[in-house]
Amino acid sequence: MKDYDYSVQAKYYDVLEENPNVEAFNKVLDKLLKKHKVKSVFDITCGTGAQAIYLDKNGHNVTASDFSKEMVAIAQKKYPKIKFKQADMRSANFGKFDAVISIFNAIGHLSKSNFQKAIQNISNNLKTGGLYIFDIFNYDFMKNNFIPYEFIDTCKEVDGIKYVRFNKNKFDKKKQLMTMNQRVYIQGGLDKPQIFKDSWDMQIYSSEQLKNILKKNGFEIVEFLNMDGKKFDRENSLFILTIAKKK
C-alpha cells in the first residue's frame, strides 16, 4: 500500500466531506473525552482540522499533525491558535498526552505492518492509562453489505459551484482490502467541469482483529461503539469506533 497524502483533494476536501454527521460525531468524541477526564489530546491525523479545532474550542489542550502538508496548511489558515504540524503517524512524537485520536478511516491507509508501527508510536505519545481513539470500516459488516456498483456519495452546490463525487469500489474479502475509486466533478455554472480521478487501497478489520492487534501492542479495549456513540453491533455497524487504553 502506498502512502496517500491527499495533495490533490486538499483544496476541495472540506466542501466534499462537510455534512451534519461530522459535527454530530465531534459532539460524541467530545463527550467521550470528557467522560474519561481527558485534557490533552493529540490528533495525529488531523486533516484540515475538523476534530482538532472543535475540541480546542471546547476546552481541550490540542496538538495536531497530518501526513499531508497541503491539509496542514489549510487547517493552519482556518485556525491559527493551534500550531499544526506536518508529520507521519508512524513516527510523529510531540510529547505525552491523555489521548491520541485518528479519525475517519485514517488507519485504513496503512498496511497491516505499518498499522502496528503506528500503534507502537501512538503508545509512545500516550501517558500510562491514556486513550487511543480511532475508527475504521467494520469488516464483519462490509463482507456482507459491500456495494459493488458505482454510486454517487456526494452531490451539492456551494457558492454557485456544483460538486458531484462518484464511487466505484472493489473489495478483496480474503485480503480485507478495499480499493476506493473516485471521480469528482466540479462545475461553475455551465462551464466545462473539472474532473479529478483518485484511487487508493484501504485495509479494514473486524472488531476481534482490532482487539488482538491492540492487545499485542500493550492496549486493552475499553469499548467499541458506533460513530453516533451508541453500542457497536458486530454484524450491523458500518464503522467500528474503538476506544483503547494503554496499559
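**Exercise 1. Decide whether Leu-33 is buried or exposed in this predicted model, and place it in the fold.**

Step 1. Leu-33 has a relative accessible area of 0%. Buried means under 20%, so Leu-33 is buried.

Step 2. In the secondary structure, Leu-33 belongs to helix 2, which spans residues 20–35.

Step 3. Setting aside neighbours within four places in sequence, the contacts of Leu-33 are Val-38, Val-41, Leu-55, His-60, Ala-99 and Ile-133.

Step 4. Leu-131 is 98 residues from Leu-33 in sequence, yet the C-alpha atoms of the two are 8.9 Å apart in space.

**Exercise 2. Work out where Ile-243 sits and which residues it touches.**

Step 1. Ile-243 is part of strand 12, residues 239–246.

Step 2. Its relative accessibility is 0%, so Ile-243 counts as buried.

Step 3. Not counting residues up to four places away in sequence, Ile-243 touches Glu-220, Ile-221, Val-222, Glu-223 and Leu-225, and also Leu-32, Leu-131, Tyr-132 and Ile-133.

Step 4. For one of these pairs, Ile-243 and Ile-221, the separation is 22 residues along the chain and 6.2 Å between C-alpha atoms.

Step 5. Ile-133 links this exercise to the previous one: Ile-243 touches Ile-133, and Leu-33 is in contact with Ile-133 too.

**Exercise 3. Classify Ser-199 as buried, partly exposed or exposed.**

Step 1. Ser-199 is found in strand 10, residues 194–203.

Step 2. The relative accessible area of Ser-199 is 33%. The partly exposed class lies between the buried limit of 20% and the exposed limit of 50%, so Ser-199 is partly exposed.

Step 3. Thr-128 is 71 residues from Ser-199 along the chain, and their C-alpha atoms are separated by 38 Å.

**Exercise 4. Explain why helix 3 is described as largely enclosed by the rest of the structure.**

Step 1. Helix 3 covers residues 50–57, and 6 of its 8 residues are buried, so the rest of the structure largely encloses it.

Step 2. The buried residues are Gln-51, Ala-52, Ile-53, Tyr-54, Leu-55 and Asp-56.

Step 3. These buried residues pack against helix 2, helix 4, strand 1 (40–43), strand 2 and strand 4 (97–102). Leu-55 is one of the residues in contact with Leu-33.

Step 4. Just after helix 3, Gly-59 has a positive phi of about 95°.

**Exercise 5. Determine which residues of helix 4 are buried and which are exposed.**

Step 1. Met-71, Val-72 and Ala-75 are buried in helix 4, residues 69–78.

Step 2. These residues cover an arc of only 100° around the axis, which means that they are on the same side of helix 4.

Step 3. Lys-69 and Lys-77 are exposed on the other side of the helix.

Step 4. The partners of the buried residues of helix 4 are helix 1 (10–17), strand 2 (61–66) and strand 3 (85–86).

**Exercise 6. Judge how the chain as a whole is packed.**

Step 1. The chain contains 7 helices and 12 strands.

Step 2. Its radius of gyration is 18 Å, close to the 18 Å from the globule rule for 247 residues, so the chain is as compact as a globular protein of that length.

Step 3. Of the 247 residues, 51% are buried.

Step 4. Among contacts with a separation of 6 or more, 65% join residues 24 or more positions apart.

Step 5. The accessible surface is about 12500 Å², with 51% belonging to carbon and sulfur atoms.

Step 6. There are 41 positive and 29 negative side chains, and the centres of the two sets are 5 Å apart.

Conventions:
Residues numbered from 1 in each chain as written. Predicted model: local features only at pLDDT ≥ 70, side-chain atom pairs only at ≥ 80, totals over all residues. Heavy atoms only, no water. Helix = DSSP H or I, 4+ residues; strand = E, 2+ residues; numbered from the N terminus. Rg over C-alpha atoms; globule rule 2.2 N^0.38 Å. Buried < 20%, exposed > 50% of the residue type's maximum accessible area, 1.4 Å probe, protein only. Contact = heavy atoms within 4.5 Å. Areas by Shrake-Rupley, 256 points an atom, 1.4 Å probe, with all protein chains shown as cover. Lys, Arg positive; Asp, Glu negative; His and termini not counted. Charge placed at Lys NZ, Arg CZ, Asp CG, Glu CD. Arc of directions from axis to C-beta.
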